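Me: I would like a close look at a single part of this structure, set in its surroundings. Please keep the account plain and work outward from that part.

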Amino acid sequence: MAMNRKLSTDPDFEEAVKRQYPVRVFKDDYIVNSGGAVVRFDDNIVVIQSSVSDLVYYTRQECEFFEVRKR
């Protein structure tokens, strides 16, 4: 079973970049991305990379981010 951990603070995002666990992104209560990894973030934007050429930019205020760890 997978364990979900909400990413909300800068240390949470720093750990997500370091460990490269898959991330689920929700916007307006819908999953808009699943399985990518956080590659960069700042106060406003989080960058998720799903494949070599697939980078997506999400705003931290409009989205919720959850790290997915497998037990």
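What follows is a close look at one charged residue and the elements around it. Which salt bridge does aspartate 12 form, and is aspartate 12 buried or exposed?

Reply: The model is a predicted one. Aspartate 12 sits in helix α1, which covers residues 10-19. Its salt-bridge partner is arginine 5, and the closest N and O atoms of the two are 3.4 Å apart. Aspartate 12 counts as buried because its relative accessibility is 14%, and buried here means under 20%. Arginine 5 has a relative accessible area of 23%, so arginine 5 is partly exposed. Leaving aside neighbours within four places in sequence, aspartate 12 is in contact with Arg5, Lys6 and Leu7.

The pair of aspartate 12 and arginine 5 belongs to a wider arrangement. A network of salt bridges links Arg5, Asp12, Glu15, Arg19, Glu67 and Arg69. Within that network, the side chains of glutamate 15 and arginine 69 meet at 3.1 Å, N to O. This pair links distant parts of the chain, since glutamate 15 is in helix α1 and arginine 69 is in strand β6, 54 residues apart. Arginine 69 counts as buried because its relative accessibility is 18%. Glutamate 15, at 23% relative accessibility, therefore counts as partly exposed.

Lysine 6, one of the contacts of aspartate 12, has a salt bridge with glutamate 64, at 3.1 Å from N to O. Here too the pair links distant parts of the chain: lysine 6 is in strand β1 and glutamate 64 in strand β6, 58 residues apart. Lysine 6 counts as partly exposed because its relative accessibility is 40%. Glutamate 64 is at 34% relative accessibility, so glutamate 64 also counts as partly exposed. Across the whole structure, a search finds nine salt bridges.

The helix that carries aspartate 12 is set against a sheet. Helix α1 lies across β1, β3 (30-41), β4 and β6 (63-70), and runs at about 85 degrees to β3. The sheet is open and has six strands in the order β1-β6-β2-β3-β4-β5, with antiparallel pairing. Its edge strands are β1 (2-7) and β5 (54-59), each of which pairs on one side only. From one strand to the next, the twist averages 45 degrees. In a regular strand, side chains alternate between the two faces of the sheet.

The pairings can be followed along that order. Strands β2 and β6 run antiparallel and are joined by five bridges; arginine 24 stands opposite phenylalanine 66 in β6. Strand β2 (residues 23-27) also pairs with β3 in the antiparallel sense, over five bridges. In this second pairing, arginine 24 stands opposite serine 34 in β3, and valine 25 stands opposite asparagine 33 in β3. Arginine 24 thus has a partner named in β6 and another in β3. The hairpin of β2 and β3 has two residues between the strands, and aspartate 28 there takes a positive phi near 55 degrees.

Next come β3 and β4, which run antiparallel with four bridges between them. Valine 38 has isoleucine 48 in β4 as its bridge partner. The hairpin that joins β3 to β4 passes through three residues. Strand β4 (residues 45-51) then pairs with β5 in the antiparallel sense over six bridges, and glutamine 49 stands opposite leucine 55 in β5.

Leucine 55 leads to a surface feature. Val39, Leu55 and Tyr57 form a nonpolar patch on the surface, with about 290 Å² of accessible area together. Tyrosine 57 has its place in strand β5, an edge strand of the sheet. Tyrosine 57 counts as exposed because its relative accessibility is 55%, and the cut-off for exposed is over 50%.

To return to the starting point, aspartate 12 is buried, with a relative accessible area of 14%, and is held in a salt bridge with arginine 5. Both residues are in the network that also includes Glu15, Arg19, Glu67 and Arg69.

Terms used:
Residues are numbered from 1 along each chain as its sequence is written. This is a predicted model: local features need pLDDT of at least 70, side-chain atom pairs count only at pLDDT 80 or more; totals for chains, interfaces and linings use all residues. Side-chain values use heavy atoms; hydrogens and water are left out. Two strands pair if DSSP finds at least two bridges between them. Axes are lines fitted to C-alpha atoms, for helices over the stretch in contact, and angles run from 0 to 180 degrees between N-to-C directions. Contact means heavy atoms within 4.5 Å. Patches are made of residues with over 30% relative accessible area and no salt bridge: like charges are joined within 9 Å, nonpolar side chains (Val, Leu, Ile, Met, Phe, Trp, Tyr) within 5 Å. Accessible areas come from the Shrake-Rupley method with a 1.4 Å probe; for residues, only the protein chains shown count as cover. A salt bridge is a side-chain nitrogen of Lys or Arg within 4 Å of a carboxyl oxygen of Asp or Glu. Buried means under 20% relative accessible area, exposed over 50%, partly exposed in between (1.4 Å probe, protein chains only).
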